Structures are given as structure tokens and as C-alpha cells.
Amino acid sequence: MTIPLSFSSSRLIWSSTGWVAGIEEIGYSGWEIVADGKYRFDNAGAFREIKDALESTHLRATVHAPYSDLNPASLNYPIWRESIKQICTCITRAAEITDLVTIHPGYLSPVGKLVPDKVWELQKSALKEIGIHARNAGVLASLENMGGPREFLCRLPEEIIGMVGGVEGVGITFDLGHANTLGKVKEFLPFLSKADHLHLHDNHGELDEHLALGDGTIDWEMAGKAVRECYSGIAVVEGRNLEEAQKSYQMFGRCFV
């Protein structure tokens, strides 16, 4: 099974799009656009530049919705409302270039820790609204598992599967780098058949370092075998620069193909 491979870099969102052609030169077939920084889709000029960059290549686009300072599980209603609005605005624009948008879940604020069930309900309600909007736009909104801080929702496979359960228009993005910050890569692999999208990057098991594949502690041979057997969507290497993109591309070829 051939898995389409894209590249994404949140480190380069304040740069011009001149680097994007290098993705295709390395051999990647797609670009996952992080719609934040200078690449926000609610900026007409920025969106035009992104479309121009895509049209100058043969890269397929997927999108990562903005997440800076947003919390779709916030107990603060104006922030909760604005978080949903910005994600939906991104989805509307993204529908012009893709059919898949990854979104981040929210997190527990200090006050939210006192009422975790309420926070869960708010996140679920936000997803239902986002899912309806995505379905009407012809896009799948794909919720990503988080790693690191305990405050994040959807850190474990059972949690993210439960969160999207019964929500139309919303799928699942499994991020193996995030899973590794919790020591849970093996726990995610049996659920790969439920994933609609896949993010790959490496780390040393603590911080979300976004290293090239092979520069951290993830067993990529194990992960590659499981992906080949159970997953049929797009995989995205989330890296820091084109030099590491090249290294990740070579590791992917050894372990996933």
C-alpha cells in the first residue's frame, strides 16, 4: 500500500512561501498548511499567496486550522465562541483547496480543572458545531490527539475516540509524535484503522520537539509496519526545516513503504 506523504512546518509560518517548492523537490506529494502566523486564511493576501504557491507546484493540500490562543473547551464564553468562529472561518476558506482540516482540541483552564465534565461537554458542543460547518463545506474536520501537558484534552486514544463519537463531520488525526511524549505510541497503533489522517515527527519522549524521523526515540520500524497494515490515508511529516524534511523522507521510505 502506497501512503501519500506530505510535509508541514509550524516553524516556518512567519516566512514567505518560497520554501514550499522544496517540498516537492525532495519528493513529498503534499503540503499541510498551518493556517496561522502569516498563513492565516482570514487574511486575503496571505491566502492568495498560499494558493499561488500551490498552483506553482503539483502538491496536494491539507490544512491545519489555527490554534494560537484558542480554546474550544473554554468556560469563558466569548473565547469559546471566538475559537469556534476562527476554526470555521478557516474551514470555509480551506474548502477551496482541500477536503481535510486538522483541528486541535481545547484544554483545561485553572477554573476548568474544577469542572472537567463541563469542559468535556463544551468541547463536544464545539465539535458538533464545527462538524456541521465542515460537512456543509465538503470538508472533514479531523481532531488531533495531544501530548505533553495534562491540561490538554484528547491525549489518549480512548479519549479522542470517545470525543468524536457520534459527531458528524469530524474525524481523527493520530499524531505519533504527541503520543510519544506520553510514552503511548504502542497504545495508539492498534487504533490506526480509526484514523482519517496521520502526523509523524520524533522526540525523546518528553517534549514536543518535532525532530526529524529517527532523531528521537520512536521505533519507526514498528510504527511503519502498523501503518502499512492498518492505515490508508495521508501521512504528514511535521518538521522544522527542509534539511530535516529530507532526512524524514528517507526514513519514511525505509520504514513505511
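The following exchange examines how several features of this predicted model are assigned.

User: What are the conditions under which features of this model are counted?
Analyst: The model is predicted, and local features need pLDDT of at least 70, side-chain atom pairs count only at pLDDT 80 or more, and totals for chains, interfaces and linings use all residues. Residues are numbered from 1 along each chain as its sequence is written, and side-chain values use heavy atoms, with hydrogens and water left out.

User: How do you know that Cys-88 forms no bond with the closest cysteine sulfur?
Analyst: A disulfide is a pair of cysteine sulfur atoms within 2.5 Å. The closest cysteine sulfur to that of Cys-88 belongs to Cys-90 and lies 9.7 Å away, which is too far for a bond. For Cys-255 the closest sulfur is in Cys-230, at 16 Å, and therefore also too far. Across the whole structure the search finds zero disulfides.

User: Why are Cys-88 and Cys-255 called buried?
Analyst: Buried means under 20% relative accessible area, exposed over 50%, and partly exposed in between (1.4 Å probe, protein chains only). Cys-88 has 10% relative accessibility and so counts as buried; Cys-255, at 6%, is likewise buried.

User: What makes Asn-43 partly exposed, and where is the residue placed?
Analyst: Its relative accessible area is 41%, so Asn-43 is partly exposed. The residue sits in the loop between strand S2 (30-34) and helix H2 (44-55), where helices (H or I, at least four residues) and strands (E, at least two) are DSSP runs numbered from the N terminus. Asn-43 is 32 residues from Leu-75 in sequence, and their C-alpha atoms are 28 Å apart.

User: What makes the phi of Asp-69 noteworthy?
Analyst: Most residues other than glycine have a negative phi. Asp-69 is not a glycine, yet its phi is positive, about 65°. Asp-69 lies in the loop between strand S3 (60-64) and helix H3 (77-94), and its 75% relative accessibility makes it exposed. His-210 also has a positive phi, near 55°, and is found in the loop between strand S7 (197-200) and helix H8 (220-230). At 14% relative accessibility, His-210 counts as buried.

User: How do you know that strands S5 and S6 pair?
Analyst: Two strands pair if DSSP finds at least two bridges between them. S5 (residues 140-144) and S6 (residues 170-175) are joined by four bridges in the parallel sense, so the criterion of at least two is met. Leu-143 stands opposite Ile-172 in S6. Eight strands close into a barrel of parallel pairing, in the order S1-S2-S3-S4-S5-S6-S7-S8. The twist averages 30° from one strand to the next, with angles running from 0 to 180 degrees between N-to-C directions of axes fitted to C-alpha atoms.

User: What lines the largest cavity?
Analyst: The structure holds one cavity of 30 Å³ or more, and the largest has a volume of about 50 Å³. A cavity is a set of points on a 1 Å grid over the protein atoms alone where a 1.4 Å probe fits but cannot get out, and lining residues have an atom within 4 Å of a point. The lining consists of Ala-35, Arg-40, Phe-41, Asp-42, Pro-66, Gln-86, Thr-89 and Cys-90.

How values were computed:
1 Å grid on protein atoms, 1.4 Å probe; cavity = no way out; pocket = protein on both sides within 12 Å on 5 of 7 lines; lining within 4 Å. Points joined across faces, edges and corners; volume = space filled by probe spheres on them.
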